[in-house]
Structure formats: C-alpha cells, structure tokens
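Here is a short briefing on one protein chain. Please keep the sequence and the 3D view open while you read.

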Amino acid sequence: MVSRKVTWGLLAAWMVHDAEELLTMAKWTRKNLPERFAQSQAHVNVSIGLMGGVIAAASAAGAATEGRNGFFRAALAGFGLHGVIHLAQAAAMRRYTPGVVTAPLVVIPYSVWAWRQLEESDARKSSLWGLAMLPAALAGVHGIAHLVTSRRSS
C-alpha cells in the first residue's frame, strides 16, 4: 500500500513549483524571449490552471489505486523530467529561468522519493509513457491558453 502522501504529494509539489512559475513566467518571457514567445500573465494563469487540472486528476487516480495507476505514474515521471528540464534550461541560458528554484528543491526530490515509495511493477512502461506525454500536455495547455487569452484580448 502506497501512502496518500505519495499520490497527493504530486499535486502539492506541483502547486509549490507552479507558484514560482505563476509569479515569474510572464515577466521573464517578456524580458528574455523574442516577442513572439512572450506570454501574458493571462496566458500563464490559464495554462497553469489547465495543467493543475491534469495533475489533480493524476493524483486522484493514483490515490484511488494506491499509486498503481498508469496515468499517475506517467504524470509523476513527466513531473520529474520537467524538473530536470528546468535545470538544463537555466544552465543553457546561464541565468535564472522560471521554475529553476523549486526544481531542485521540490520537484526532483519529491519525484525521486515518490518513485522509491512505489512498487517497481510496470514503472518502466509508465515512465516512458509519461516522458512521451509531457510535450503533448505542455503543448496542449499552452495552445488552449493561447486560444482563451487571444479571444479575451480581441
């Protein structure tokens, strides 16, 4: 039996991490990226809210199955990879990037701890699915956020 600290911990860790992104991403993208990649605060708010729904659903699925659910494990794998990507982005840019503070303090430690708590059965399959789905999930929430916030500003 896996503790609910593991399954609902995904949502808690995500909330801490995305609070950093919520507070920094819009301003940072406007200052550091070409205009076509800059994100408004509304876009950031919507995309983070949508991803929060995905993470909450994954945490609930994990809690209902004591961590055995593939969706939960995939989300957990994607979340851990997300933390590593933050570190790589900051290293490549040689400066702060949104999310880099909580990635090594929250995202990666939680992900490693949670994986250690889970049973090893089917973890590889779920991890690969999570790694494959991360880009699709990110593209989806940002695409929807663009549609929603573009309509608001029109």
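The points below run from the overall fold to the core, then to single residues and the surface.

This is a predicted model. The chain holds five helices and zero strands. Of its 154 residues, 41% count as buried.

**Overall fold**
- Along the sequence, the pattern reads α-α-α-α-α.
- Take the contacts between residues at least 6 apart in sequence: 75% of them join residues at least 24 apart.
- The chain exposes about 8500 Å² of accessible surface. Carbon and sulfur atoms account for 65% of that area.
- Helix 2 has 24 residues. From first C-alpha to last, helix 2 reaches 34 Å, close to the 34 Å expected at 1.5 Å a residue.

**Nonpolar core**
- The largest nonpolar core contains 24 residues. The members that touch the most others are L10, W14, F72, L76, F79, Y110 and L118.
- Four helices each supply at least two residues of this core: helix 1 (4–32), helix 2 (41–64), helix 3 (70–93) and helix 4 (102–117).
- Helix 1 gives the largest share, at seven residues.
- L10 shows how the core is wired. Beyond its neighbours within four places in sequence, L10 contacts I55, A58, S59, F72, A75, L76, F79 and Y110.

**T7 and W8 in helix 1**
- T7 sits in helix 1, and so does W8.
- Is T7 buried or exposed? T7 counts as buried because its relative accessible area is 1%, under the 20% limit.
- Setting aside residues within four places in sequence, T7 is in contact with S59, G62, A63, G67 and F72.
- W8 has 34% relative accessibility, so W8 counts as partly exposed. That class lies between the 20% and 50% cut-offs.
- W8 touches A56, S59, A60 and A63, again leaving out residues up to four places away in sequence.
- How far apart in space are W8 and S59, C-alpha to C-alpha? The distance is 5.2 Å, although 51 residues separate W8 and S59 in sequence.
- S59 appears in the contact list of T7, of W8 and of L10.

**E66 and the salt bridge**
- E66 comes just after helix 2 and takes a positive phi of about 55°.
- Which residue forms a salt bridge with E66? The partner is R68, with the closest N and O atoms 3.1 Å apart.
- Why can such a pair form? Side chains of opposite charge can pair when their charged atoms come close.
- The 3.1 Å gap between E66 and R68 meets the rule, because the cut-off is 4 Å.
- The count for the model comes to one salt bridge.
- E66 is partly exposed because its relative accessibility is 28%. R68 is also partly exposed, with a relative accessible area of 43%.

**Surface patch**
- L50, I144 and V148 form a nonpolar patch on the surface. Together they have about 200 Å² of accessible area.
- I144 belongs to helix 5 (residues 123–153).
- Why can I144 be part of a patch? I144 has a relative accessible area of 43%, and patch residues need over 30%. By its area, I144 is classed as partly exposed.

How values were computed: Residues numbered from 1 in each chain as written. Predicted model: local features only at pLDDT ≥ 70, side-chain atom pairs only at ≥ 80, totals over all residues. Heavy atoms only, no water. Core = buried A, V, L, I, M, F, W, Y, C linked by side-chain atoms within 4.5 Å. Buried < 20%, exposed > 50% of the residue type's maximum accessible area, 1.4 Å probe, protein only. Contact = heavy atoms within 4.5 Å. Patch = residues over 30% accessible without salt bridge, like charges linked within 9 Å, V, L, I, M, F, W, Y side chains within 5 Å. Areas by Shrake-Rupley, 256 points an atom, 1.4 Å probe, with all protein chains shown as cover. Salt bridge = Lys/Arg side-chain N within 4 Å of Asp/Glu carboxyl O. Expected span 1.5 Å × (residues − 1).
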